[in-house]
Structures are given as C-alpha cells and as structure tokens.
Amino acid sequence: MKNLNQTIGEYVAQDYRAATVFGSFKIDFCCKGNRTIEEACEGKNINPAEVREALAAVLNEKSDGDIDFKSWPMDLLADYIEKKHHRYVEARIPILLQYLNKLCKVHGDAHPELFDIYRLFSASAGDLTAHMKKEELILFPYVRKMVKYHQEVKSMDVPHFSTVKNPIQMMMSEHEAEGDRFEKIAQLTNGYTPPADACNTYKVTFALLDEFEKDLHRHIHLENNILFPNAVKAECTVEAIGV
C-alpha cells in the first residue's frame, strides 16, 4: 500500500479484490491498468488518498475462519449472516453482472460458454435476492423472537407458517438449488481458470465468481449446520412450555 509507483494492474494482479475498489471509483483497471493511482485520479476529481484508504479496508479484511460460531446465540448469528453475507451478496451481484455482460460482448464469440455463465449467474442473482429477503423478513425475525422469549420467559404467538421447520425446509431446498447452479458455473469456467487470451477483466471476473461461491458455501454452512438446527431445538422448547 506504500508503493506509490505500483500500478493499478499490479494491485489487481496481487489481489483481485482491489478490482472492486477501483470499479467503485470508476477507475479502469483493465485496458488502462498501467497507471498509478495518482495518475488514474488526475482529472477525475478523485482524491487518491480516499482510493488508498478504501483499498486498505478491503485488502486488510481478516478471515472469519477461526470464529466459533457454534457458541453464538441465534440472534447474534442471524445478525452476522445479514451484515456479513447478505450484504456481500448484494454488493457483488451488480459488479459481477456488469463484468459478465462486458465479457459476453467482448469475448462471447471466442468463448460462447460465457453466455451460459451469465445466464446462470443472473438467475442466481434473482433467486438469492428473493431468498435473502424471505430470511430477513420472515425467518430471522422469528428466530429473534424465540431468543427474546427464552430471555424474558414471555408468551409468544404461533407463527403463520405454523412451525419454523417449514421455512427452514424451503431455505434449505433453495440452498441446494444454488449449490447445483454454482457447480455448473464452476464446470463452465474450468474451475474458475481464465483462458490464455483472458484480459484483466476476464481474470478478475472469474476470481470474483470463485470468491462468491466460497462465500456462499460459508453462508449456507452457518445456516444449514448451525442456525437452523438451533432454531428447531429452540422452538421445541417453546412448544414444551405450552406456547
């Protein structure tokens, strides 16, 4: 981050996450990636310090691999999933759609599989957006109500979906559908390996797709293997008390 002579293309080559930062400032990291940050900002009314600050925030982000999520209360885990994974999906979708659309226009003739990748990801974007809203508006609020019930030992209305198992079953079915969809994307991209003639945008797009799938796997793991089973157990306790 301290090398003022480092080019935009070099930043992206070292860590593809830098591309999303440059993209947010509308700085071309592909065709004009041989410029420094200062050169790219010149004449654009962009403060280079703001770009470097945004880069530092993204590139210094730590992994959550060592966190013991099983010990977390359900409401905290639901909050984390929303703020960490739902926001990630919401932020990445428009970027990836833009990049994939560009790749189809520029490289589609030579690589027709790009159209299938774009179609699959577009479908995923729409389904994931609806899926997350159902969690945020229906399932997660009920999870938080159960936590509050156990903390305050107060009465609780029976939900309109009868039992938490019903929305959970739907969410898990949708998770499986997304897993299948990204398995097809991984196959079409040869394990997210860009072809020999790939430009920087091509390489970044595949790297972002790879990252998106990995984040989705962590996201689904937290729900399927931790939050959902705990929610079912918590509801059984509520039912046993006679609510």
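## Exercises on an all-helix model

At 81% relative accessibility, Asn 45 counts as exposed. Keep that residue in mind while you work through this predicted model; we will come back to it below.

**Exercise 1. How many helices and strands does the protein have, and what size of box do its C-alpha atoms fill?**

Solution. Start with the secondary structure: there are eight helices and zero strands. Read from the N terminus, the order of elements is therefore α-α-α-α-α-α-α-α. Next, take the extent along the principal axes: the C-alpha atoms fill a box of roughly 70 × 40 × 30 Å. Finally, look at burial: 45% of the 243 residues are buried.

**Exercise 2. Work out which span helix α7 should have, and set it against the distance between its end C-alpha atoms.**

Solution. Helix α7 covers residues 165-188, which gives 24 residues. The expected span uses 1.5 Å times one less than the number of residues, so α7 should span 34 Å. In the model the end C-alpha atoms are 35 Å apart, which agrees. While you are on this helix, pick out its buried residues, among them Ile 168, Met 171, His 175, Phe 182 and Ile 185. Charged side chains are on that list too, including Glu 178 and Arg 181.

**Exercise 3. Describe how α6 packs against α5 and against α7.**

Solution. Two packed helices are described by the angle between their axes and the distance between the axes. Take α5 (residues 74-107) and α6 (residues 113-152) to begin with: their axes come within 10 Å and cross at roughly 165°. An angle over 145 degrees counts as roughly antiparallel, so α5 is roughly antiparallel to α6. The crossing is left-handed, and the contact residues divide into 22 nonpolar, five polar and seven charged.

Now turn to α6 and α7. Their axes come within 10 Å and cross at roughly 160°, which makes α6 roughly antiparallel to α7. Here, α6 passes α7 in a left-handed crossing. This contact has 13 nonpolar, three polar and nine charged residues.

**Exercise 4. Which residues of the largest nonpolar core touch the most other members, and which helix gives the largest share?**

Solution. The core holds 46 residues, and those touching the most other members are Phe 22, Phe 29, Leu 55, Phe 121, Leu 209 and Phe 212. Going through the helices, α1 (8-14), α2 (18-24), α3 (37-41), α4 (48-59), α5, α6, α7 and α8 (200-241) each supply at least two residues. The largest share, nine residues, comes from α5.

**Exercise 5. Where do Asn 45 and Tyr 192 lie, and is each buried or exposed?**

Solution. Most residues other than glycine have a negative phi, and most peptide bonds are trans. Asn 45 has a positive phi of about 60° and lies in the loop between α3 and α4. With its 81% relative accessibility, Asn 45 is exposed. Tyr 192 also has a positive phi, near 60°, and sits in the loop between α7 and α8. A residue is buried under 20% relative accessible area, so Tyr 192, at 9%, is buried. As an extra, note Asn 190 just after α7, with a positive phi of about 55°.

**Exercise 6. How far apart are Tyr 142 and Glu 235 in sequence and in space?**

Solution. Place Tyr 142 to begin with: it belongs to helix α6 and is buried, with a relative accessible area of 7%. Then compare the two separations: Tyr 142 and Glu 235 are 93 residues apart in sequence, and their C-alpha atoms are 9.8 Å apart in space.

Definitions and conventions: Residues are numbered from 1 along each chain as its sequence is written. This is a predicted model: local features need pLDDT of at least 70, side-chain atom pairs count only at pLDDT 80 or more; totals for chains, interfaces and linings use all residues. Side-chain values use heavy atoms; hydrogens and water are left out. Helices (H or I, at least four residues) and strands (E, at least two) are DSSP runs, numbered from the N terminus. Buried means under 20% relative accessible area, exposed over 50%, partly exposed in between (1.4 Å probe, protein chains only). Axes are lines fitted to C-alpha atoms, for helices over the stretch in contact, and angles run from 0 to 180 degrees between N-to-C directions. Angles under 35 degrees count as roughly parallel, over 145 as roughly antiparallel, 65 to 115 as roughly perpendicular and the rest as oblique. A crossing is left-handed if the near helix is turned anticlockwise from the far one by less than a right angle, and right-handed if clockwise. Ala, Val, Leu, Ile, Met, Phe, Trp, Tyr, Cys and Pro count as nonpolar, Asp, Glu, Lys and Arg as charged, and the others, Gly among them, as polar. A nonpolar core is a set of buried Ala, Val, Leu, Ile, Met, Phe, Trp, Tyr and Cys residues joined through side-chain atoms within 4.5 Å.
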